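I opened this model to note down a few local features, entry by entry. The entries follow the order in which I looked things up.

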Amino acid sequence: MRYKDGNGAIKHLEMVANESRPYTGERALALALLKDGLRAFQENIDAPNSAAYLEAEGWIWGDGNTIVSFNGVCTLLGFDANYLRRKLQEWRRSVVVRTKP
């Protein structure tokens, strides 16, 4: 079973990113990285040992501060990385609860 972006997080991020400042090459790339990481995390939630899920989880909860880290991407886009992590954690808990027999 694949879990789509049921809470509209990716669409919301695109809308906020579009409204806050015009895209530059860096911002467009940062948004693409963020979307890819969120999709990999959400679409592979049912395969928590898969390489795609583990890579996305490590990226999201990593503490790096480079321009391509989750923190760096969020900073560049004007998002609160810790807020997004909390929302993803809430989403993950809700999915795990729904899928338990």
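I began with the exposure of Ile67 and, because its relative accessibility is 52% and the cut-off for exposed is over 50%, I entered Ile67 as exposed. I kept in mind that this is a predicted model. I then located Ile67 in the loop between helix H3 (51-61) and helix H4 (70-77). Looking at what surrounds this position on the surface, I found that Ile67 contributes, with Leu29, Leu33 and Val68, to a nonpolar surface patch of about 360 Å².

Next I turned to helix H2, residues 25-43, and checked its length: its 19 residues, at 1.5 Å a residue, should span 27 Å, and I noted that the end C-alpha atoms are 27 Å apart, which agrees. I also listed the buried residues of H2, among them Leu31, Leu34, Leu38 and Phe41, and I noted that Arg27, Lys35 and Gln42 are on that list too.

My last entries concern Asn71, which I found in helix H4. Is Asn71 buried or exposed? I recorded Asn71 as buried, because its relative accessible area is 15% and the cut-off for buried is under 20%. Leaving aside residues up to four places away in sequence, I listed its contacts as Gly62, Asp63, Gly64, Asn65, Ala81 and Arg85. For Gly64 I also looked up the polar atoms, and the backbone oxygen of Gly64 lies 3.0 Å from a polar atom of the Asn71 side chain. Finally, I noted that Asn71 and Trp59, which are 12 residues apart in sequence, are 9.1 Å apart in space, C-alpha to C-alpha.

Methods:
Residues numbered from 1 in each chain as written. Predicted model: local features only at pLDDT ≥ 70, side-chain atom pairs only at ≥ 80, totals over all residues. Heavy atoms only, no water. Patch = residues over 30% accessible without salt bridge, like charges linked within 9 Å, V, L, I, M, F, W, Y side chains within 5 Å. Areas by Shrake-Rupley, 256 points an atom, 1.4 Å probe, with all protein chains shown as cover. Salt bridge = Lys/Arg side-chain N within 4 Å of Asp/Glu carboxyl O. Helix = DSSP H or I, 4+ residues; strand = E, 2+ residues; numbered from the N terminus. Buried < 20%, exposed > 50% of the residue type's maximum accessible area, 1.4 Å probe, protein only. Contact = heavy atoms within 4.5 Å. Polar contact = N/O pair within 3.5 Å; in protein donor to acceptor, adjacent residues only side chain to side chain. Expected span 1.5 Å × (residues − 1).
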